[in-house]
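Work through the exercises below with the model open beside you. Try each task before reading its solution.

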Amino acid sequence: MSTGKEQLLQGLDTAVVEMDEELVVKLANQVIDEGIDPFEAIDQGLSKGMERAGQLFEEEEYFIPELLMCSDAMYAGLDVLKPHLKTTREKKGTVVIGVIQGDTHDIGKNLVKIMLETSGFDVTDLGRDIPPARFVETAIEQNAQIIALSTLMTTTMDGMQEVVQLLINQGIRDKFKVIVGGGPISPGFATRIGADGYATNAAEAVKLAKRLVA
Amino acid sequence: MAETRKSEEMTSLERISTALSYQKPDRVPVAPLLCGASHRVLGISYDTWSKDGALATKSLLAAQELLGFDAFVTLVDLSVEAADFGQKVIYPKSSTAYPDYNDYFIKNGDDYRKIVYVDPLKSQRMKSVIDICHGLAQARGHDTGVIGFIYGPLGVLSQIRGHEDLFKDLIRHPDRVLEAVEIITQVLVEYAAAQIRAGAHSVCIDPLYSSASILKKETWEKFEGPFCKRIADSIRDAGGLVTMHNCGNGVYFDAIIKWINPVAISHAHPAYGCNSWEEHAAVWGNKVVSMGYADPATIGIEMTPDEVIEECRKEIEIFSGTNGGFILSTGCEFPPNGNLLSVTAMVKAGKVHGTYQ
């Protein structure tokens with residue numbers, strides 16, 4: 001790697017970690033102007049920075065505000081680089097994620113989405129207040145491997161079971177792994193509804209997803 | 001603790017008060033944060049319960065009569081204060097009210113200046129909670145604990161701005177956030193004191209972001225700690241006890257005590273730095289009374305009554321070395337859709353397994 005290119009990719013990495021969205025955009029444009037492969041800039045710059053941010057989060061140097069700012073910086077860079085991609089990253093799998101119908105708390109879901117994307121998963125984010133049938137329809141359309149369900153409320157937990165039941169009713173339960181998480185969710189609940197896994201936080205969710213698609 | 005049941009020697013209020021002063025009451029008090037679930041006791045819809053203070057009062061009284069818990073907590077939902085600052089709120093028929101996430105009152109950094117002082121006594125939803133405190137105190141304040149409730153200033157702001165954007169604004173626009181927190185605090189100071197004047201024995205402050213699951217301790221101390229101190233002081237000045245709730249993981253007990261100094265902390269997880277409940281009880285159990293810590297969803301939805309009793313027995317046992325300074329509770333609000341027999345089981349556990357020698 002040439003020194004200029006190396007510095008640029010390192011700059012992207014550092015700018016993500018330092019939450020400097022403007023600098024990320026400037027460096028991403030420079031990547032394009034200098035003819036550097038945008039795939040490399042994502043892989044060796046943005047993603048590396050986000051991985052380091054995730055590591056700092058796990059080490060309790062960064063907390064949710066810092067992680068969110070880093071992800072904003074990363075996405076700003078992706079917006080510049082993605083249209084120029086000629087090669088695609090090797091995907092670990094496709095995940096359909098969303099907050100179950102009746103619940104609109106989505107910060108946990110968003111953190112899981114960020115960490116999954118950073119780790120190489122293709123993520124289709126359905127958003128919040130999503131009917132169970134839509135998870136199933138989208139997972140079929142996207143040929144996903146994982147359906148990730150989130151809720152913070154006890155009144156909406158049963159919607160997770162509905163997703164599993166819909167998959168069973170349609171005879172496609174074995175085509176998808178269903179993972180669940182959120183404030184009131186426990187490993188016992190996950191087992192009871194027939195989910196394939198439960199994670200306590202975003203970092204654990206990534207480890208779980210990797211195990212399930214391995 | 002004795003395994004046999006002694007006759008009830010204290011009223012619920014005496015039981016709670018004694019526990020809060022680290023003396024041994026007749027048995028462990030049981031206060032399972034049964035709030036929204038009470039709407040089912042009177043058979044009214046959740047949205048009606050959320051908006052009609054008189055019916056909410058009747059529901060809470062009926063629930064206490066039916067289930068026998070030792071203290072009321074007047075948590076209606078976390079959007080109460082935000083609504084009075086101008087946030088549009090959605091009231092589902094059978095679930096907790098919440099802000100309209102598609103239409104936040106604060107939409108950008110400049111909008112923080114839209115936050116202006118509101119007189120809680122002339123407001124709609126805060127006044128309703130003050131009235132609930134008054135109604136409960138009038139009816140049962142002589143023998144049952146009445147604990148008011150307010151969401152911390154940063155929490156209120158998150159209901160008006162949205163959690164994610166607020167968290168980012170702590171970095172992007174710290175001064176504007178602090179200006180809004182200052183105004184909200186002025187209102188909450190009045191609101192908290194009004195709940196005590198209405199008859200509540202205590203007001204529970206919920207600074208939800210004072211935990212390692214959300215913010216760095218220093219960040220919380222900058223944006224909410226000193227503001228919560230002013231609210232806590234106003235509760236004490238009005239003659240009430242300060243309690244505190246946080247269901248987050250890794251609550252900063254040291255910072256909470258530094259700024260709020262509550263007589264009890266209602267929590268769902270061991271304090272920051274403690275790896276188990278046993279460690280928590282050993283480190284913090286004799287410094288501040290714990291209200292906890294049954295997992296609401298597990299206890300309210302998944303467990304049978306017998307399993308609930310066994311879980312509560314374990315929790316009582318873990319805090320048995322705190323010289324009476326423990327209140328059996330759920331770590332967060334009892335599920336609005338939870339099995340009310342689980343509450344009965346918790347109370348039974350307090351009676352059967354919580355009797356002090």
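Helices (H or I, at least four residues) and strands (E, at least two) are DSSP runs, numbered from the N terminus. This is a predicted model: local features need pLDDT of at least 70, side-chain atom pairs count only at pLDDT 80 or more, and totals for chains, interfaces and linings use all residues. Residues are numbered from 1 along each chain as its sequence is written, while chains are lettered from A and ligands numbered from 1 in the order in which they are written.

**Exercise 1. Backbone outliers**

Locate Glu60(A) and state the sign of its phi.

Step 1. Glu60(A) sits in the loop between α3 (38-58) and α4 of chain A.
Step 2. Its phi is near 60°, a positive value in a residue other than glycine.
Step 3. Most residues other than glycine have a negative phi, and most peptide bonds are trans.
Step 4. Now burial. A residue is buried if 20 or more other C-beta atoms lie within 10 Å of its own, exposed if 12 or fewer, and partly exposed in between; C-beta atoms are placed from the backbone.
Step 5. Glu60(A) has 12 C-beta neighbours inside 10 Å, so it counts as exposed.

Repeat for Asn323(B).

Step 1. Asn323(B) lies in the loop between α15 (305-318) and β9 of chain B.
Step 2. Phi of Asn323(B) is near 50°, again positive in a residue other than glycine.
Step 3. Asn323(B) counts as partly exposed, because it has 14 C-beta neighbours inside 10 Å.

**Exercise 2. A peptide bond**

Is the bond from Gly292(B) to Tyr293(B) cis or trans?

Step 1. Omega is near -5°, and the bond is cis.
Step 2. Tyr293(B) belongs to strand β8 of chain B.

**Exercise 3. One helix, its buried residues**

Find the buried residues of α1 (residues 12-20) of chain B and say how they are arranged.

Step 1. They are Ser12(B), Arg15(B), Ile16(B), Ala19(B) and Leu20(B).
Step 2. Seen down the axis of α1(B), these residues fall within an arc of 130° (taken from the directions from the helix axis to the C-beta atoms), so they line one face of the helix.
Step 3. They pack against strands of chain B, including β1 (71-73), β4 (145-151) and β8 (289-294).
Step 4. Just after α1(B), Tyr22(B) takes a positive phi of about 55°.

**Exercise 4. The interface**

How many residues of chain A are in contact with chain B?

Step 1. Two residues are in contact if their C-beta atoms, placed from the backbone, lie within 7 Å.
Step 2. By that criterion, 19 residues of chain A are in contact with 27 residues of chain B.
Step 3. On the side of chain A that touches chain B, α4(A) gives the largest share, four residues.
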